[in-house]
Each structure stands twice: as structure tokens, then as C-alpha cells.
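Colleague: I'd like a close look at one part of this model before I plan anything around it. Please choose a spot, go through it slowly, and then tell me how it sits in the rest.

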Amino acid sequence: MPPATSRRTGLGWREHLPTVGLVVRLILAAVWLYAGLVKLFEPGGARLAVIAYRIFPPSLVTPLGYALPAAEVVIGLFLLLGIFTRLAAIASALLMLAFVAGIASVWARGYNIDCGCFGGGGDTSAAGRNLRYTKEIARDTAFALLSVWLIWRPRTLFSLDRIPEPEDQPA
Amino acid sequence: MSPQPKKPVDSKRTAREKAAEARAGALAAERRRDRTVRLVGAVVVLAVVGVIVAMVILGQKKAPAVNANAALPKGVNSVDYGVKYGTAPATAPRLDLWEDFQCPICKDFETANGASLKALADAGKVQLYWHPANFIEAKFPNSNLSSTRAAYAWGCAIDSGKVTEYHSGIFAMQNKTEGGGYTDTQFLNLAQQVGIAGNDFSTFQTCFTGAKYQQWVINSENEFQQRAVPGTPTGYLNGVEVQSATLFSPSALAAAIAAAGPAPSPSHS
């Protein structure tokens with residue numbers, strides 16, 4: 001058996017991965033829980049925000065107005081508890097990328113909207129539009145990257161899951 | 001590498017196998033535990049979110065119901081409840097405008113475009129349809145339903161033929177603070193300012209104080225919701241949403257109208 005000390009140094013930075021993972025997981029959990037709950041308790045949920053993007057037909061905006069924040073809260077709770085971490089992280093990354101695409105799309109089509117990211121939504125003034133959209137896209141991209149971290153390293157400290165999910169096992 | 005102790009090969013393998021078995025057993029136990037934790041966790045999370053969503057949906061204030069028999073101001077149709085203005089034939093392009101009288105950007109829109117749109121409609125170049133919405137008053141509970149009251153006061157003025165005068169008059173007296181609302185006195189005074197006098201004024205007064213056209217406004221707001229109009233002001237030229245850069249520029253809007261073909265039939269946004 002090799003001496004314990006050399007084994008410890010051999011691990012190095014890898015030892016801290018679960019701690020980093022915990023921080024990432026809790027940041028994303030807080031983002032999703034906050035974003036989802038704020039929207040859920042607004043009249044019609046995120047309906048107004050969904051409408052403003054002019055992507056979905058009128059028949060879909062009401063169901064999406066509730067389904068979207070509900071999904072956000074589910075992702076947030078899974079991440080908070082640390083169950084289905086990788087699955088939740090995949091959903092988190094995809095949803096963030098969808099938001100980035102949505103904002104880029106309204107930007108390209110020339111609309112001035114409140115992204116409704118954390119509640120609100122609807123049309124707004126053109127003032128400061130480019131800076132606003134840039135910031136929102138940068139922020140959501142950062143959250144997507146944090147999600148990618150969790151997809152890559154779903155094992156985190158203080159999670160209810162203790163062993164890697166099946167797909168995390170070395171082949 | 002440390003020197004290998006001399007041991008019989010088979011006993012070494014047995015020790016290794018035992019260790020492997022123990023590890024496998026522990027891993028299987030962990031897996032079972034994790035499966036239970038995940039299952040219980042997922043059920044709890046979904047149940048909690050499901051209950052929240054159900055409570056939110058059930059707790060929503062019901063929107064006032066549409067009534068197909070609503071009293072309508074003169075010239076308003078019962079298909080989309082729009083107020084038509086101007087003499088344009090059915091072959092002219094059709095511009096549908098959705099507005100809330102408490103919306104500050106609608107006031108900006110009226111200031112920029114009111115006169116030029118009136119001129120175009122008067123010249124028969126465009127079929128102008130206004131649609132009142134009232135969603136803003138839900139955000140300002142202290143505004144005393146000012147969006148609805150403004151719209152039905154306008155309805156009463158439409159009966160007296162003061163469609164554009166009263167319309168722009170309401171925006172002109174809009175409170176500088178969004179949600180500041182309007183008083184009843186303001187609506188009555190405005191009627192006199194735009195020249196509703198004598199018997200017409202008595203009729204206006206009865207119409208307004210009796211909220212004669214309230215149901216019309218509710219029906220129009222319902223259309224606004226059903227069509228998922230993204231906000232106010234929103235304009236549809238022959239059913240296609242007008243970009244805000246065009247909408248707020250009188251010259252660009254006039255050019256867009258001039259370039260638009262005849263309204264699609266049935267003319268509907």
C-alpha cells in the first residue's frame with residue numbers, strides 16, 4: 001500500500017470537486033426556486049412573459065404560463081435536495097439555453113420586452129434595450145455553464161444522492 | 001514497489017474476492033438506499049409543486065364573464081368589439097390598435113400618431129379599429145377601475161360622435177403617475193370640453209354613471225386575452241403585428257399603411 005500522504009497529494013484539486021459542486025448546486029437551486037416561485041404567484045403565472053416573446057400560439061400561452069414556473073421550481077428543489085442532480089442539471093442547462101435563444105430571438109426581431117426572467121414580462125420601452133438584452137444573455141449563459149459543471153460532476157457534498165447516478169459509472 | 005509477502009496464491013485470491021464481494025454488497029445497499037431516497041424525494045417534490053400550482057390556479061380571481069348581449073356603442077361590432085373610425089371602404093388596409101387608457105406608452109403613441117392616423121382614416125386610406133383593454137387596472141387596485149371607466153366613458157362619447165376627440169382627450173388628462181387613475185368629474189368635464197352639450201350631455205351623463213358600456217369593455221378585454229395580444233399599444237396591420245419602431249413613427253406607419261394591400265376578408269386580426 002502506498003503511503004497515505006502521497007495518495008492525498010495525488011488527489012489534489014479533485015478533493016475539492018464535491019465542495020465546488022455543492023456551491024454550484026445551491027446557486028442554481030436558489031436561482032430556479034426564486035425565478036419559479038415569483039412567476040408562479042403572479043396573475044396567470046408567466047403568461048404575460050410567454051406572450052411577449054411572440055413564439056408560442058395563443059392557445060399555448062396559458063398552459064405554458066404555469067408549466068414553465070412549475071418546471072423551474074421542480075428543478076430548483078431537485079438541485080436543493082441533491083437528487084437526480086445530473087438530470088436536473090441537464091434540464092437546467094437546456095432551459096437556460098432556451099432562454100438565451102428566446103432573448104436573442106426577440107432582440108433580432110426588434111421587440112422591446114421585459115424578459116420576465118424573474119417575474120414581470122410584457123413589452124417595455126426601447127431605452128437601454130441592447131445593454132439589457134446583453135446582460136440577460138450573459139447571465140443566463142453563466143447559469144448554463146454552471147449547469148454544465150454539474151452535468152460533468154454531479155457528485156456534490158451534502159446531497160441526498162450518495163453514489164453517482166448510473167450513467168456516471170465508469171464503463 | 002513494496003516487496004510482495006510470500007503467500008499462497010489461492011488464499012490471496014480468496015481475500016481479494018471477499019473484499020470485492022463486500023464492496024459489491026455495500027454498493028448494492030447504497031444503490032437501494034439511493035433509489036428509495038430519489039423515489040421519495042421525487043414524489044414529495046412533484047406533490048408539493050402540484051399542490052402549489054393547483055392552489056394558485058384555483059385561487060385566481062375569475063375574470064368577469066363575457067356577455068354576448070352587451071350593449072355596444074354606436075358602430076361597434078359584436079365580433080371583435082372594435083371601434084371603427086373613418087370612412088375607409090372595406091378594401092382599404094385595416095389597422096387594429098389595442099390600448100389601455102391607463103397605459104403611459106399609449107399616451108405617447110396617441111401624442112405621436114393620433115392626428116396623423118385621424119387624417120388617414122378621414123381620407124379613407126385606412127380602416128382604423130380601436131380596441132380597449134383594461135388589464136393595467138389589475139396592477140393598480142387603487143386606480144378605481146380607471147381603465148374600464150375610461151373606456152366606457154369613451155363608449156358614451158362615441159354615441160355622441162366624438163370618437164377621436166374624446167379618445168385623445170382621455171390620454172391628454174392621463175395621470176403622470178401610472179395607476180393614478182381618473183375621477184368621474186374628469187370624464188364628465190371632458191365630455192363638455194369636446195362639445196357634448198344639452199340633451200347629448202344628459203345622455204352622456206346617464207350612460208356614464210350607469211356604466212352602460214362596462215360589459216363591452218369586459219368583452220373587449222377578453223378578446224385581448226384570447227388573442228394573446230402582447231401588450232398595449234399593439235397595432236396589427238391587416239392582421240400582422242406592426243414593429244414598435246414603425247408603430248411609433250407617424251411617417252413609417254403611414255408608409256406601412258400605404259404599402260399594405262386591402263384588408264384580408266373577413267377583415268379580422
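Modeller: Here is the sheet of chain B, taken strand by strand, followed by its surroundings.

First, the ground rules. This is a predicted model, where local features need pLDDT of at least 70, side-chain atom pairs count only at pLDDT 80 or more, and totals for chains, interfaces and linings use all residues. Residues are numbered from 1 along each chain as its sequence is written, while chains are lettered from A and ligands numbered from 1 in the order in which they are written. The predictor's confidence in each residue, pLDDT, runs from 0 to 100; chain B averages 91, with 94% of its residues at 70 or more. For the model as a whole, ipTM is 0.82 and pTM is 0.82.

Now the sheet. Chain B has ten helices and five strands, where helices (H or I, at least four residues) and strands (E, at least two) are DSSP runs numbered from the N terminus. The five strands make an open sheet with mixed pairing, in the order β1-β3-β2-β4-β5. Two strands count as paired if DSSP finds at least two bridges between them. At the edges sit β1 (83-85) and β5 of chain B, each pairing on one side only.

Walk in from the β5 edge. β4(B) and β5(B) run antiparallel and share two bridges, with B:L237 standing opposite B:V240 in β5(B). Two residues lie between the strands of this hairpin, and B:N238 takes a positive phi near 50° there. On to the next pair: strand β2 (residues 94-99) and strand β4 (residues 234-237) of chain B are antiparallel too, joined by four bridges. One of the matched pairs is B:D96 with B:Y236 in β4(B).

The residue I'd zoom in on is B:E241, in strand β5 (residues 240-241) of chain B. B:E241 counts as partly exposed because it has 17 C-beta neighbours inside 10 Å. The scale behind that uses C-beta atoms placed from the backbone: 20 or more others within 10 Å means buried, 12 or fewer means exposed, and partly exposed is in between. Not counting residues up to four places away in sequence, B:E241 touches B:T234 and B:Y236; a contact here is a pair of C-beta atoms, placed from the backbone, within 7 Å. B:L97 is 144 residues from B:E241 in sequence, yet their C-alpha atoms are 9.9 Å apart.

That sort of link fits the rest of the chain. Of the contacts in chain B between residues at least 6 apart in sequence, 80% join residues at least 24 apart, and for chain A the corresponding share is 72%.

What about the packing? In chain B, 39% of the 269 residues are buried. A nonpolar core means a set of buried Ala, Val, Leu, Ile, Met, Phe, Trp, Tyr and Cys residues joined through C-beta atoms within 7 Å. The largest one has 56 residues, and B:V126, B:L128, B:A153, B:W154, B:C156 and B:A157 have the most contacts inside it. Helix α4 (residues 146-159) of chain B gives the largest share, eight residues. Leaving aside neighbours within four places in sequence, B:W154 is in contact with B:Y166, B:H167 and B:I170.

Zooming out, the C-alpha trace of chain B spans about 120 × 45 × 35 Å along its principal axes. An automatic or database assignment sets the domain bounds, giving domain 1 (8-60) and domain 2 (83-259) in chain B. Their C-alpha centres lie 61 Å apart.

Last, the partner. Chain A has six helices and zero strands, and 37% of its 171 residues count as buried. The contact between the chains takes 24 residues from chain B and 27 residues from chain A. On the chain B side, α1 (9-58) and α9 (244-247) each supply at least two residues, and α1(B) brings the largest share, 14 residues.

Technical notes
Contact = placed C-beta atoms within 7 Å.
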